[in-house]
Amino acid sequence: MELSEQQHAQVSALLQQYVSSVDGVRSAVLASVDGFALAEVSGSDKRGQRLAAMTSAMLALAGAVGRELELGDLKVLMLEALNGKVLMLSLNAGEASLLLMAACDQRSVIGNVLWSSRECGKKLLEVLARD
């Protein structure tokens, strides 16, 4: 999937609004399921492409675990480490699913990050549904 110039600008604006409005979120990446970054908002580091590829791989692995345990389709994967948290959200965009990844610092409240990610995901899908 490739974004038009207008879609890229709108998606980037939504990601910036998401990162700016959710306490503790440091960066966000919208990626295709094959691991390519479509848009990113990050702090000082530009790791969007690497994060997109890792998000795709992690969600694929978690999806395999979910299928093995007969849990149904994977929606969310959360990681917590000593210095931060990562939330990976699968967005159903019809034929082409997308992935939203949020890197957070330790002060983030993961429930708030999850809710805000879902809301941002809805807005992103609306933008991408337009021609």
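**Exercise 1. Ala-129 and Gln-7**

In which helix is the place of Ala-129? Work out also whether Ala-129 and Gln-7 are buried or exposed, and how far apart their C-alpha atoms are.

Solution. The model is a predicted one.
- Step 1: Ala-129 is placed in helix H3.
- Step 2: The relative accessibility of Ala-129 is 64%, so this residue counts as exposed.
- Step 3: Gln-7 belongs to helix H1. Its relative accessibility is 13%, so Gln-7 counts as buried.
- Step 4: Along the chain, Ala-129 and Gln-7 are 122 residues apart, and 9.8 Å separates their C-alpha atoms.
- Step 5: With neighbours within four places in sequence set aside, Gln-7 is in contact with Glu-2, Val-127, Leu-128 and Arg-130.

**Exercise 2. The packing of H1 and H3**

Determine how the axes of helices H1 and H3 cross, and which residues make the contact.

Solution.
- Step 1: Helix H1 covers residues 5–21 and helix H3 covers residues 110–129. Their axes come within 10 Å and cross at roughly 165°.
- Step 2: An angle over 145 degrees counts as roughly antiparallel. H1 and H3 are therefore roughly antiparallel to each other.
- Step 3: The crossing in which H1 passes H3 is right-handed.
- Step 4: On the H1 side, the contact is made by Gln-7, Gln-10, Val-11, Leu-14, Leu-15 and Tyr-18. On the H3 side, the residues are Val-113, Ser-116, Ser-117, Cys-120, Lys-123, Leu-124, Val-127 and Leu-128.
- Step 5: By class, the residues of this contact are nine nonpolar, four polar and one charged.

**Exercise 3. The cysteines**

How many disulfides does a search of the whole structure find? Account for Cys-104 and Cys-120.

Solution.
- Step 1: The search of the whole structure returns zero disulfides.
- Step 2: For Cys-104, the nearest cysteine sulfur is that of Cys-120, 12 Å away, and Cys-104 is in no disulfide.
- Step 3: Cys-120 is likewise in no disulfide, its nearest cysteine sulfur being that of Cys-104 at 12 Å.
- Step 4: A disulfide requires the two sulfur atoms to be within 2.5 Å, so a pair at 12 Å does not qualify.
- Step 5: Cys-104 has 2% relative accessibility and so counts as buried. Cys-120, at 6%, also counts as buried.

**Exercise 4. Two strand residues**

Place Val-41 and Asp-105 in their strands. Which residues does each one touch, not counting residues up to four places away in sequence?

Solution.
- Step 1: Val-41 is in strand E2, residues 37–41. At 8% relative accessibility, Val-41 counts as buried.
- Step 2: With residues up to four places away in sequence not counted, Val-41 touches Ser-12, Leu-15, Gln-16, Val-19, Arg-26, Ser-27 and Ala-28.
- Step 3: Gly-111 lies 70 residues from Val-41 along the chain, and their C-alpha atoms are separated by 21 Å.
- Step 4: Asp-105 is in strand E5, residues 98–105. Its relative accessible area of 15% is under the 20% limit, so Asp-105 is buried.
- Step 5: On the same sequence rule, Asp-105 touches Gly-24, Arg-26, Asn-83, Gly-84 and Lys-85.

**Exercise 5. A loop residue**

What sign does the phi of Glu-70 have, and where does this residue lie?

Solution.
- Step 1: Glu-70 is not a glycine, yet its phi is positive, about 55°.
- Step 2: Glu-70 is located in the loop between helix H2 (48–68) and strand E3 (76–81).
- Step 3: The relative accessible area of Glu-70 is 74%, so Glu-70 is exposed.

Methods:
Residues numbered from 1 in each chain as written. Predicted model: local features only at pLDDT ≥ 70, side-chain atom pairs only at ≥ 80, totals over all residues. Heavy atoms only, no water. Buried < 20%, exposed > 50% of the residue type's maximum accessible area, 1.4 Å probe, protein only. Axes fitted to C-alpha atoms, helices over the stretch in contact; angles between N-to-C directions. Helix = DSSP H or I, 4+ residues; strand = E, 2+ residues; numbered from the N terminus. Parallel < 35°, antiparallel > 145°, perpendicular 65-115°, else oblique. Left-handed = near helix turned anticlockwise from the far one by under 90°. Contact = heavy atoms within 4.5 Å. Nonpolar A, V, L, I, M, F, W, Y, C, P; charged D, E, K, R; others polar.
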